[in-house]
Amino acid sequence: MTIYYLFFYLHMLGFLGWAGITTGAYYLMELSGGWTTDLIRAYWKLLYLELGSLALLTLSGAEMWSQLGYPSWVHPALAISPLVALAEYIHLTSVRKMMDRPSALRRRLRYLSWYYTLITLFIIYDMVFKPDWF
Ligand code: HEM
């Protein structure tokens, strides 16, 4: 069971990195109105941290899932995972292509943040309440 908690620990670190870092940077830019190309370039570097954390989150989750004997409550999170991949794809390509068009990027990320919020609320609901839907 100790090894299980090691993966749980990694899962929580991955969660923090995936959901916390760029969200914080986004709100900092949004609240300060600081959408400069320099800050957007720094934001771009944080996106690598976000993707690495998502990989950690997914791999540690898959390992715990296998150790638990593949319970069905994980299925809704897996079903929604293509939407997470789509969000990451839009996130990366938008920042890369719109680095020198801050107001267009700002508008795009405003929509994207709602999309991320809905997906994340759904996945965390599934992870915490573990509904037996299937
Ligand atoms: C964006 C994706 C994900 C997020 C935000 C997320 C978040 C969380 C959170 C907050 C918990 C703690 C819940 C609790 O202890 O009550 C958790 C636990 C867990 N997650 Fe995830 N998770 C994600 C993806 C995944 C994936 C893809 C899998 C499996 C393939 C997975 C499998 C698990 C398992 C097995 C637990 C442990 C449940 C327990 O022992 O109580 N997670 N996750």
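A residue counts as exposed if 12 or fewer other C-beta atoms lie within 10 Å of its own C-beta, and as buried if 20 or more do; anything in between is partly exposed. Keep that handy, and remember that this is a predicted model.

**Stop 1: A42**

Select A42, which sits in helix 2. Is A42 buried or exposed? A42 has 12 other C-beta atoms within 10 Å, so A42 is exposed. Now add A25 to the selection. A25 and A42 are 17 residues apart along the chain, and their C-alpha atoms are separated by 9.2 Å.

**Stop 2: the whole chain**

Zoom out and colour by secondary structure. The protein chain has 4 helices and 0 strands, so reading from the N terminus you pass α-α-α-α. If you draw a box along the principal axes, the C-alpha atoms fill roughly 50 × 30 × 25 Å. There are 134 residues in the protein chain, and buried ones make up 15% of them.

Here's something to try with a contact display. Take contacts between residues at least 6 apart in sequence: 83% of them join residues at least 24 apart.

**Stop 3: helix 2 against helix 3**

Next, select residues 37–67 for helix 2 and residues 75–97 for helix 3. To describe two packed helices, you give the angle between their axes and the distance between the axes. For helix 2 and helix 3, the angle is about 155° and the axes are 10 Å apart. Why does that make them roughly antiparallel? Angles over 145 degrees count as roughly antiparallel, and helix 2 and helix 3 therefore fall into that group. Their crossing is left-handed.

To see who does the touching, show these side chains:

- From helix 2: I40, Y43, W44, L47, L51 and L54.
- From helix 3: E88, H91, L92 and V95.

Colour this contact by class and you get 8 nonpolar, 1 polar and 1 charged residues.

**Stop 4: the loop and Y70**

Stay with helix 2 and helix 3, and look at the loop between them, where you'll find Y70. Check the backbone of Y70: phi is near 55°, a positive value in a residue other than glycine. Y70 counts as exposed, because Y70 has 10 C-beta neighbours inside 10 Å.

**Stop 5: helix 3 against helix 4**

Keep helix 3 on screen and add helix 4, residues 102–129. What is the angle between helix 3 and helix 4? They pack at about 160°, with their axes 10 Å apart. Helix 3 and helix 4 are therefore roughly antiparallel to each other, and helix 3 passes helix 4 in a left-handed crossing.

The contact list is below, so select one side at a time:

- From helix 3: P76, A77, I80, L83, V84, A87, I90, H91, S94 and V95.
- From helix 4: L105, R108, L109, L112, Y115, Y116, I119, F122, I123, D126 and M127.

By class, this contact of helix 3 with helix 4 divides into 17 nonpolar, 2 polar and 2 charged residues.

**Stop 6: D126**

Pick D126 out of that set; its place is in helix 4. D126 has 19 other C-beta atoms within 10 Å. The cut-off for buried is 20 or more, so D126 is partly exposed. Which residues does D126 touch, leaving aside those up to four places away in sequence? Show W73, P76, A77 and P131 to see them. Then measure across to H75: D126 and H75 are 51 residues apart along the chain, with 9.0 Å between their C-alpha atoms.

**Stop 7: K130**

Carry on into the segment after helix 4 and select K130. Phi of K130 is near 50°, which is again a positive value in a residue other than glycine. K130 has 13 other C-beta atoms within 10 Å, so K130 is partly exposed.

**Stop 8: the ligand**

Finally, centre the view on the ligand. How many residues surround the ligand? There are 17, and the closest are G61, A62, M64, W65 and M127. Helix 1 (2–32), helix 2, helix 3 and helix 4 each give two or more residues to this shell. Helix 2 gives the most, with 6 residues. Colour the shell by class to finish: 14 of its residues are nonpolar, 3 are polar and none is charged.

Terms used
Residues numbered from 1 in each chain as written. Predicted model: local features only at pLDDT ≥ 70, side-chain atom pairs only at ≥ 80, totals over all residues. Axes fitted to C-alpha atoms, helices over the stretch in contact; angles between N-to-C directions. Parallel < 35°, antiparallel > 145°, perpendicular 65-115°, else oblique. Left-handed = near helix turned anticlockwise from the far one by under 90°. Contact = placed C-beta atoms within 7 Å. Nonpolar A, V, L, I, M, F, W, Y, C, P; charged D, E, K, R; others polar. Near = placed C-beta within 6 Å.
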